[in-house]
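User: I am new to this structure and would like to understand the terms used to describe it. Could you take me through them with the reasoning spelled out?

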Amino acid sequence: MLSEIFPIKIRGLGMGAAVLLLWLVNALVTFTFPILLAGVGGTATFLLFAAVNVLAAAAAAKKIPETRNRSLEQIEEHFRAGHAPWPTPR
């Protein structure tokens, strides 16, 4: 999905920034996990991370448009023209 969200002209920079953010969030999880584990216990820690993942998955399912069978150029042109996302097939 990362390669689809940035225009071709800035795709390299955008991908680099997105991957950097992913690594930073991964580091945040890595550093907070032992603190949470010691503070609230294993069950609460895993439930917290599970809840965050469920919310993230729900937000992604709702906000990310389906782009199957479309080229990156078609996707870019569609959004550049100001069109709304394609309807999600049911």
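Analyst: A residue is called buried when its relative accessible area is under 20%, and exposed when that area is over 50%. The model here is a predicted one.

User: Why is Arg11 called buried?

Analyst: The relative accessible area of Arg11 is 15%, and because the cut-off for buried is under 20%, Arg11 counts as buried. This residue is found in helix H1, and, leaving aside neighbours within four places in sequence, Arg11 is in contact with Ser3, Phe6 and Leu72.

User: Which residues are buried in H1, and what do the buried residues of H1 pack against?

Analyst: Arg11, Gly14 and Ala18 are buried in H1, and the buried residues of this helix pack against helix H3, residues 72-80.

User: What makes H1 oblique to H2?

Analyst: The two helices pack at an angle of about 140°, with their axes 7 Å apart. Angles over 145 degrees count as roughly antiparallel and those from 65 to 115 as roughly perpendicular, so an angle of about 140° falls in neither class, and H1 is therefore oblique to H2.

User: Which residues make that contact, and how many of them are nonpolar, polar or charged?

Analyst: On the H1 side the contact is made by Val29, Thr32, Phe33, Leu36, Leu37 and Val40, and on the H2 side by Gly42, Ala44, Thr45, Phe46, Leu48 and Phe49. By class, the contact has 9 nonpolar, 3 polar and no charged residues.

User: Where does the kink in H1 lie?

Analyst: A kink of about 30° lies at Thr32, shortly before the proline Pro34.

Technical notes. Residues are numbered from 1 along each chain as its sequence is written. This is a predicted model: local features need pLDDT of at least 70, side-chain atom pairs count only at pLDDT 80 or more; totals for chains, interfaces and linings use all residues. Side-chain values use heavy atoms; hydrogens and water are left out. The bend at a residue is the angle between axes fitted to the seven residues ending there and the seven starting there. Helices (H or I, at least four residues) and strands (E, at least two) are DSSP runs, numbered from the N terminus. Buried means under 20% relative accessible area, exposed over 50%, partly exposed in between (1.4 Å probe, protein chains only). Contact means heavy atoms within 4.5 Å. Axes are lines fitted to C-alpha atoms, for helices over the stretch in contact, and angles run from 0 to 180 degrees between N-to-C directions. Angles under 35 degrees count as roughly parallel, over 145 as roughly antiparallel, 65 to 115 as roughly perpendicular and the rest as oblique. Ala, Val, Leu, Ile, Met, Phe, Trp, Tyr, Cys and Pro count as nonpolar, Asp, Glu, Lys and Arg as charged, and the others, Gly among them, as polar.
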